Amino acid sequence: MSRSTVFFAAFSAIAAVFILWRYQTVEFSVAKEAKAIVAYAGQEVEFTARIEEAPEDRVSRMYIVADPEFVKEGRILLISREKFDVRYGDIIRVEGTLERPGVFEGFNYEEFLAKDGIYALMRDPQVEMQQRGAYSNWGEQIMAGVFALKGTLREVLEQHLPPRYSSIMVEMLLGDRDVMSDELAEDLNRTGLRHIIAISGAHIAILTMYSMPFLIWIGLWRQQAFFITMTLVIFYVVLTGLQPSAVRAGIMGGMFLLGQHLGRSSDAFRALVIAAVLMLLLNPLLLTRDVGFQLSFLAVLGMILLLPGALSFLPKKMPARQLLAMTLAAQVLTLPILIWNFGQVSLVSIITNILIVPVIPLLMGLGFLLMIGGLLQPVGFLLALPVGVLVHYVLWIVDFFAGLPFAAVKTENFSVLWLLPFYAPVAFLFWKFRRHEGFIQF
């Protein structure tokens, strides 16, 4: 065992202990902060607040995260059927009934929101504008500009594509959540294709995998291509609104790219662990309360550990062979978490991924061109045609396979003890073939 391996193992052990200590500390702090807000639960309240994030315009409701003035720490989530003309940085006057998020259908919504410092919510509040754009520094002004650009790009997609088509592209490219209908979201889950529209570590890694070869192909040196690709990843994460899921994806995908750039899978693995440690030191509650963090970490870990095996499994002449291998490797480690949290497993996912994953990079690339070129007419109309054709193909596959009675099976009420042994054969296969070319060497 090399000296670097021993050092890394010692670092990981110390970090694990420190993260556990931080978890207990932050959990106590969160409970203390929450008391100041939940003390008003069930009461009619009126307060002034500042909008701390870009408001989310979902299918039937608007979600606004507000920082109330009557407490030092903690935020409130406003959920409204009325679509208010409010933006990041605005000061608003709010009136309504405060309530605790609670638990429903086995999902602890209260803990989920608390990890982001949100301790209460208010449904259908009355909102009155007090001050537009109360920015305290240039950084907030830049973020407001980025959010405005994001809104413009979303309007381009919605203007040039039918609603069902644009909802797919908005979630896939801009990271807006719950834009598509519940029926379409469920069909994507049944067919094992929800990952194609979720901005995850695997999603970013796929983007970088295609950006690097393209930049090298047009004549850039590998070092230049690497730094430009990393810059594009950072810009893309900012464009999505710096949502926690996008930030996680950017860090996880960036670590995968860094490891690939350094040329060794072990470097990618260590970079991934360091990234996870840093994220958990900042917010240790992500470990148990954020499925997105768990999926991002496991997806990239699967690509690092299992990509060589997945490549050997697929025929060498298969189109988009490496992209499919990355997708399969990512899904192997995330499957138990998906079963545990979403209560079903798709039986057609391998087929649907083979049929759809190869077209996703092209669809994303054309989608970006549409968002940019769509600001001009008739360029937008011309660019919308190939995007519409590809989205139609994706939806046709989704509709066909989701309609099959055996597309998915329910796995509700599974004990986590039944899911953990799933990783045993994966670990055995990795151990058995780890000395083969391409596998990580510790």
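The charged end of Arg58 sits over the ring of Tyr63, at 3.9 Å from the ring centre. This contact belongs to a predicted model, and the report that follows describes the strands, charged pairs and aromatic rings found in it.

**Strand β3 and its neighbours**

Tyr63 is also the bridge partner, in β3, of Glu56. Strand β3 covers residues 62-68 and is mostly covered, since 6 of its 7 residues are buried. Three other strands pair with β3, and each may be taken in turn.

Strand β1, residues 44-51, runs antiparallel to β3 and pairs with it over 3 bridges. Within this pairing, Ala49 has Pro68 of β3 as its bridge partner. Strand β2, residues 56-57, is likewise antiparallel to β3, and 2 bridges join them. The connection from β2 to β3 is a hairpin of 4 residues. Strand β4, residues 75-80, is joined to β3 by 5 bridges, again in the antiparallel sense. Here Met62 stands opposite Ser80 in β4. A hairpin with 6 residues between the strands connects β3 and β4, and Gly74 in its turn has a positive phi of about 105°.

A general point about strands may help when viewing this region. In a regular strand the side chains alternate between the two faces of the sheet.

**A positive phi outside glycine**

Asp124 is not a glycine, yet its phi is positive, at about 45°. Most residues other than glycine have a negative phi. Asp124 is found in the loop between β8 and β9, the latter spanning residues 126-131. With a relative accessibility of 36%, Asp124 counts as partly exposed.

**Salt bridges**

Side chains of opposite charge can pair when their charged atoms come close. The structure holds 20 salt bridges. Among them are the three listed below.

| Salt bridge | N to O distance |
|---|---|
| Lys115 and Asp290 | 3.9 Å |
| Lys150 and Asp176 | 2.8 Å |
| Arg154 and Glu158 | 2.9 Å |

The side chains of Lys115 and Asp290 meet in a salt bridge. This pair links distant parts of the chain, the two residues being 175 residues apart. Lys115 lies in the loop between α2 (109-114) and β8 (118-123), while Asp290 lies in the loop between α10 (286-289) and α11 (291-313). Both residues, Lys115 and Asp290, are buried.

Lys150 forms a salt bridge with Asp176. Lys150 lies in helix α3, residues 138-160, and Asp176 in the loop between α4 (163-174) and α5 (182-190), so the pair ties together parts that are 26 residues apart in sequence. Asp176 is buried, and Lys150 is buried too, with a relative accessible area of 10%. Lys150 also comes close in space to a residue far along the chain: the C-alpha atoms of Lys150 and Leu239 are 6.2 Å apart, although 89 residues separate them in sequence.

The salt bridge between Arg154 and Glu158 is of a local kind, for both residues lie in helix α3, 4 residues apart, or about one turn of the helix. How does the exposure of the two partners compare, buried or partly exposed? Arg154 counts as buried because its relative accessibility is 13%, below the cut-off of 20%. Glu158, by contrast, is partly exposed, with a relative accessible area of 37%.

Elsewhere, salt bridges that share partners join Asp85, Arg87, Asp90 and Arg132 into one network.

**Aromatic rings**

The structure holds 10 aromatic pairs. In one of them, the ring centres of Tyr109 and Phe112 are 6.3 Å apart and the ring planes meet at 15°, so the pair is stacked. Why does this angle lead to the term stacked? Planes under 30 degrees apart count as stacked, and the planes of Tyr109 and Phe112 are at 15°.

Tyr109 and Phe112 are 3 residues apart in helix α2, about one helical turn. Tyr109 is buried, with a relative accessible area of 14%, whereas Phe112 is partly exposed, at 26%. Phe112 has a further contact, with a charged residue: the charged end of Lys115 sits over the Phe112 ring, 3.6 Å from its centre. Lys115 therefore takes part both in this contact and in the salt bridge with Asp290.

Finally, Tyr40, Phe47 and Phe70 form one aromatic cluster.

Technical notes
Residues numbered from 1 in each chain as written. Predicted model: local features only at pLDDT ≥ 70, side-chain atom pairs only at ≥ 80, totals over all residues. Heavy atoms only, no water. Salt bridge = Lys/Arg side-chain N within 4 Å of Asp/Glu carboxyl O. Buried < 20%, exposed > 50% of the residue type's maximum accessible area, 1.4 Å probe, protein only. Pairing = 2+ DSSP bridges. Phe/Tyr/Trp six-rings, centres within 6.5 Å; stacked < 30°, edge-to-face > 60°. Lys NZ or Arg CZ within 6 Å of the ring centre and 35° of its normal.
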